[in-house]
Amino acid sequence: MLGAETTTVQRAQTVQTAQAAPPDAAGVDEALFRAAMTGLAKCVAVTTALGPDGPVGCTTTSLMSLSVAPPSVLLAFGTGGRTLDDLLGAGRFAVNVLSHTQGPLVRRFATGTPAQRFRDTPHAVLRGVPVLHGAALVLTCDVAETFTSVDHVLVVGTVRHLSTTPGSPLVLVTGEPHIATPVPPAPAATDHPR
């Protein structure tokens, strides 16, 4: 019994030591980390809001479902962004998950001014937020909570309305849009008579 207690104490000391390590002690190269993370497939959306000067929006790859009761999503934005400021000021936003036909919007909403981003981008203001036509999924949300972590602001949105359009959504892999397609099922093993 004493051996089990000693092992538990050793594990606790190991955890405490790991938590006390300085942030740069991990030694992970920033470029390597960035390349590894961009290689992971992620949902790609355009998050939009209505600012005092008109619609604003940005490409978003940090969308995740947070809860079903109430329906909620979580997004992350770099601090100090124009879209984030206007989104928080408005208190509501839309998440437009891009469809397989909307690949050019990934880059358009990552650069330029709000006017350039929305130029020739079909959209309408619904429920007080700009909604992109043809998106695979649109969620209109109210800002529920915000948290600051490292150099990002995490925004929790309560979903007030959703709509879907048939078709495959886009995913982003190594910074490029890809079409999400299901993997075909493995062939069933056949029984061989003996």
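These legends describe an overall view and close-ups of a predicted model.

**Figure 1. Overall view of the predicted protein.** The chain has 194 residues, and 30% of them are buried. Its secondary structure consists of five helices and 12 strands. Consider contacts between residues at least 6 apart in sequence: 63% of these join residues at least 24 apart. The accessible surface amounts to about 12,200 Å². Carbon and sulfur atoms account for 60% of that surface. Two salt bridges are present in the structure. Each has its own close-up below.

**Figure 2. Salt bridge between Glu30 and Arg34.** The two side chains meet with an N to O distance of 3.6 Å. Both residues belong to helix α2, four residues apart, so about one helical turn separates them. Glu30 is exposed, because its relative accessible area of 59% is over the 50% cut-off. Arg34 is exposed too, at 54% relative accessible area. Helix α2 itself covers residues 30–38.

**Figure 3. Salt bridge between Asp142 and Arg160.** Here the closest N and O atoms lie 2.8 Å apart. The pair links distant parts of the chain, with the two positions 18 residues apart in numbering. Asp142 sits in strand β9, residues 137–149. Arg160 sits in strand β10, residues 152–164. The two ends of the bridge fall into separate accessibility classes. Asp142 has a relative accessible area of 24%, so it counts as partly exposed: buried would require under 20%, exposed over 50%. Arg160 reaches 56% relative accessibility and therefore counts as exposed.

**Figure 4. Nonpolar surface patch of Val28, Phe33 and Met37.** Together these three residues offer about 290 Å² of accessible area. Met37 is located in helix α2, the helix that also carries Glu30 and Arg34. The relative accessibility of Met37 is 36%, so this residue is partly exposed. That value also meets the patch criterion, because members need over 30% relative accessible area.

**Figure 5. Helix α2, with charged and nonpolar side chains shown together.** The helix runs over residues 30–38. Glu30 and Arg34 form their salt bridge here, about one helical turn apart. Met37, a member of the nonpolar patch with Val28 and Phe33, lies in this helix as well. Accessibility can be read residue by residue. Glu30 stands at 59%, Arg34 at 54% and Met37 at 36%. The first two values mark exposed residues, whereas Met37 is partly exposed.

Definitions and conventions. Residues numbered from 1 in each chain as written. Predicted model: local features only at pLDDT ≥ 70, side-chain atom pairs only at ≥ 80, totals over all residues. Heavy atoms only, no water. Patch = residues over 30% accessible without salt bridge, like charges linked within 9 Å, V, L, I, M, F, W, Y side chains within 5 Å. Areas by Shrake-Rupley, 256 points an atom, 1.4 Å probe, with all protein chains shown as cover. Salt bridge = Lys/Arg side-chain N within 4 Å of Asp/Glu carboxyl O. Buried < 20%, exposed > 50% of the residue type's maximum accessible area, 1.4 Å probe, protein only. Contact = heavy atoms within 4.5 Å.
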